Amino acid sequence: MARSLFRLGGEACGWGCTAAWCRAPVAPACRLAPTGDAGKPRLVASRRAEDVPVSQTGAGSDRATANHAVAHGPAVRGWCPDAWRPMAAGDGLIVRVKPRLGRLSADDMAALGAAAIAHGNGLIDMTRRANLQIRGVRDDSWRPLLDRLLDLGLVDHDARREGARMMMVAPDWREGDDSHRIARQLLDRLDELPDLPGKMGFVIDAGAAPLLSGEAGDFRIERARDGGLILRAEGRAQGVPVDSGGEVDALLALARWFVESDGARAGRMARHDAPLPDWATGMTEAALSRPRLVPGAWDGGMAYGLPFGRIDARHLLDAPAMRLTPWRMLLAEGQLPGLCADAADPLIHVEACPGAPACPQASVETRDLARQLAPHVAGRLHVSGCAKGCASSIPADIVLTGRDGGYDLAFHARAGSAPVRPDLTATDLLAHFGAC
């Protein structure tokens, strides 16, 4: 067994946690209480879709990106990939598909799976924005893949509209309900949006009570405590009531105000400290949030958890219609054997980015370690290859952040937080949590 890194006696394990914080083999009472890919990296610049020659990025930009990460920490890109603007990773290009209303029909699922197998490495990731990312796309396969997605209607022929379609909808919407109605109206009016920073988005959460309160967004429509609907700017605790039928007008107006008040300098609504205009200022509270859905039966079928948000594209070939969620979970409108529908599965409570070598900014492996640790910790575990914390932006009970080839350990923290114990090895961690 590896050298001991904690005190004996059961009072504390010596890593800065108390008896209620972690599960260490030499102190049985010490247990955390729950609180609630390889290859040459290439960087694809953000340019007009028709100008992207994805094969022209080369070793010079690779070295520059790597040198920046070493000298200054991980680089934060100001845009998200989509089908017109793929992003390079260690295993090839990433092509993002943003299903309208967060739903794919059975035919769409089969076609998307076949496209991922034909043009990528057969792996698909689900993002925190309830999108899907086809991984391992070769430079010479990107355009045929894009053409296929265009033919399927999964991507807009207008690259600007595709980029603007940053919308998260409460995944349990029903045909004709408020979430469905508002989201469809917003889709029809995307051309009226101003040019917004690349990571901004809309949240349509108009069910009986909010379901997406913990998910990042910028311009939100939510259910109020009095049963009406409110417009709320991210970062503001209260919102302003909106009339039925006027929700999209209000969203578009708030987006225009953001640009006109120099919000692009801040980049996100929550960081924009300009006073809201009077018409967007209110004191109406959102309704209390509903518990988020978990794997198992739901009223539309079966919910399946995807460990680390990844699925083999072959599962999609015979899948029923699916709703996507920001919780790395698929809501199947039917059954899909072979996926996890057990809410108690330890891997469902673990977040881990692809890590090294799949991501050029990561300095450590992540998912193998997370798999080994998952059965030995309680609460949420987050293993991040670098301080960016791409897999999760919210605090986790246990967070491991890669830095210079070692792992920094922190508790009830985000990736990159000041560590309780810095520069640990995987062996150190496996020994401490009794996983070896």
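Reader: Which residues of helix α3 (residues 142-152) are buried?
Author: This is a predicted model, in which local features need pLDDT of at least 70, side-chain atom pairs count only at pLDDT 80 or more, and totals for chains, interfaces and linings use all residues. Residues are numbered from 1 along each chain as its sequence is written, and side-chain values use heavy atoms, with hydrogens and water left out. In α3 (helices, H or I, at least four residues, and strands, E, at least two, are DSSP runs numbered from the N terminus), the buried residues (under 20% relative accessible area, with a 1.4 Å probe and protein chains only) are W142, L145, L146, L149 and L150.

Reader: Seen down the axis of α3, within what arc do its buried residues fall?
Author: An α-helix has 3.6 residues a turn, so residues three or four places apart point the same way. The buried residues of α3 line one face of the helix, because their arc (taken from the directions from the helix axis to the C-beta atoms) is within 140°.

Reader: Which residues of strand β7 (residues 202-205) lie on each side?
Author: Both faces of β7 are covered, and the four residues are all buried. On one side stand F202 and I204, and on the other V203 and D205.

Reader: Is the crossover from β6 to β7 left-handed or right-handed?
Author: Strand β6 (residues 167-169) runs parallel to β7, joined by 3 bridges (strands pair if DSSP finds at least two). Between them the chain passes through helix α5 (residues 178-188), and this β-α-β crossover (right-handed if, with the strands pointing away from the viewer, the path from the first strand over the helix to the second runs clockwise) is left-handed.

Conventions:
Buried < 20%, exposed > 50% of the residue type's maximum accessible area, 1.4 Å probe, protein only.
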